[in-house]
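Biologist: Please bring up the model beside its sequence, so that we can go through it residue by residue.

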Amino acid sequence: MPAMNTESITVLFCCVTLICLPSPFFDVFLLFEQFVGSSLHTHHHLKSTNKPHREEITKRLQDGPSFQDFLDKEVDVGETWSLYQGKLKKQKGDKERLRLPPWLKTEIPIGRNFQKIKESLRGLNLHTVCEEAKCPNIGECWGGGEKKTATATIMLMGDECTRGCRFCSVKTSRKPPPLNNEEPVNTAAAIYAWDLDYVVLTSVDRDDLPDGGADHFARTVEEIKSRNSSILVECLTPDFRGNRDSVQRIALSGLDVFAHNIETVAALQAFVRDPRANYHQSLSVLKASKEFQPDLITKTSVMLGLGESDDQVLQTLKDLREVGVDCLTIGQYMQPTKRRLHVKEYVTPAKFKHWEEVGNELGFLYTASGPLVRSSYKAGEFFLKNHLNKRRESA
């Protein structure tokens, strides 16, 4: 067997560790790899490097994860994000994609309820935005998670969108197939069978339809409520090109939460979203829903990491409160495919915590802010479920 240098031994150790580690320890391995990898990067220069430089590298390895970290049962990468040495923000002229930091890595979705919902979807030819948008939280939401509030986000009106937003992986078509008139009934039947507590209905944009699909959307809500009036329904709607009649049809359908995503700050709208969408149009849709149904809880979502400034994010939050938005989710933009917008910055958990505190100070009923938070976010739905149930009891 040929002699092995330091790099070969370390790589062999890492490969064996990767194969042998149970999944709960995988994130610790990634963190360890960051320390070892960055130190090996300078290995070829050690012979010509002065002694203080060697001591600095030795200290970094000593301060990094120990073998005991691989044995500990409780691992929380969220608490160790500040140790990450990788690049988090693109500079002008950078062409390479940023490497995914450890706090954005999630487990492979498994579980009985996850498989049950997936098989049922295929059988009824239904689509979910959870799958189409490659959401990282799909296993937790479909499986029920630690909160035991099983949720799913059903995507109505097919899987082909008439718009081409640059952040989204959903298929685009100028003329999608006609609506399936049986979809509202099939969706309601599936949700009843799944025994969900909270369901989110969303859809592709259908600019080819006179009402943007609002009546189809509303009929689905009505079918769900007719089978189980206690289930909580959130509608994450398109903007219907600002058509107030379409907004009114959904607002009065019996839903519990009206959601529409503003997506990003005003300055980046044209760069991120389809030209038919815009900042003020989205604000007007959210405002109109409450005008038609004052008891509705309204909700929106903002992505970070697209090149926005802190001042722009703060102004967006203020604008949302001004039109009466109740709930806010803030999450990390993650490039779904190579053809979509590159990530300009991986925002740290500390910064997300900051925006959560700002949201609470501004008076949002609920602010969910974190790297893996999405518009249909598990913890947020758990909170809204309890809030809406208490409102019903008091009524």
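Biologist: Where does cysteine 168 lie?
Modeller: Helices (H or I, at least four residues) and strands (E, at least two) are taken here as DSSP runs, numbered from the N terminus. If residues up to four places away in sequence are left out, cysteine 168 touches Pro336 and Arg340, where contact means heavy atoms within 4.5 Å. As for its own place in the chain, cysteine 168 lies in the loop between E3 and strand E4 (171-172).

Biologist: I keep in mind that this is a predicted model, in which local features need pLDDT of at least 70 and side-chain atom pairs count only at pLDDT 80 or more, while totals for chains, interfaces and linings use all residues. Residues are numbered from 1 along each chain as its sequence is written, and side-chain values use heavy atoms, with hydrogens and water left out. How far from cysteine 168 is the nearest cysteine sulfur?
Modeller: The search of the whole structure finds zero disulfides, a disulfide being a pair of cysteine sulfur atoms within 2.5 Å. Cysteine 161 is unpaired because its closest cysteine sulfur, in cysteine 165, is 6.6 Å away, too far for a bond. Cysteine 168 is likewise in no disulfide, and the nearest sulfur, again that of cysteine 165, lies at a distance of 6.5 Å.

Biologist: Which residues does the UniProt annotation "binding site" cover?
Modeller: UniProt positions are given in the numbering used here, with feature names shortened, and such annotations may be inferred rather than shown by experiment. With that caution, the annotation comes from an unreviewed entry, and it covers Cys161, Cys165 and Cys168.

Biologist: Is cysteine 161 buried or exposed?
Modeller: Cysteine 161 is found in strand E3 (residues 160-161), and beyond its neighbours up to four places away in sequence it touches Val170, Lys171, Thr172, Ser173, Val204 and Asp205. Buried means under 20% relative accessible area and exposed over 50%, with partly exposed in between (1.4 Å probe, protein chains only). Cysteine 168, at 23%, is therefore partly exposed. Cysteine 161 has a relative accessibility of 9%, so it counts as buried.

Biologist: Which residues have the most contacts inside the largest nonpolar core?
Modeller: A nonpolar core is a set of buried Ala, Val, Leu, Ile, Met, Phe, Trp, Tyr and Cys residues joined through side-chain atoms within 4.5 Å. The largest has 32 residues, and those with the most contacts inside it are Leu304, Leu317 and Leu320.

Biologist: Which residues, beyond its neighbours within four places in sequence, are in contact with leucine 304?
Modeller: Leucine 304 is one of the residues with the most contacts inside the largest core, to which two or more residues each are given by helix H12 (279-292), strand E8 (297-304), helix H13 (310-322), strand E9 (327-332) and helix H14 (349-362). Once the neighbours within four places are set aside, leucine 304 is in contact with Val313, Ile330, Gly331, Gln332, Tyr333, Val347, Phe352 and Trp355.

Biologist: What is the phi of methionine 157?
Modeller: Methionine 157 is found in the loop between strand E2 (151-156) and E3, and with a relative accessible area of 4% it is buried. Although it is not a glycine, its phi is positive, at about 65°.

Biologist: What is the phi of glutamate 263?
Modeller: Glutamate 263 has its place in the loop between strand E7 (257-259) and helix H11 (269-272), and at 14% relative accessibility it counts as buried. Here too a residue other than glycine has a positive phi, near 75°.

Biologist: Which residue forms a salt bridge with arginine 249?
Modeller: A salt bridge is a side-chain nitrogen of Lys or Arg within 4 Å of a carboxyl oxygen of Asp or Glu, and the whole structure has 17 of them. For arginine 249 the closest N and O atoms are 3.0 Å apart, and the partner is aspartate 215.

Biologist: Which residues are linked in a network of salt bridges?
Modeller: One pair is arginine 276 with aspartate 274, whose side chains meet at 2.9 Å, N to O. Aspartate 274 is buried, with a relative accessible area of 6%, whereas arginine 276 is partly exposed at 30%. The network links Arg163, Asp205, Asp207, Asp239, Asp274 and Arg276.
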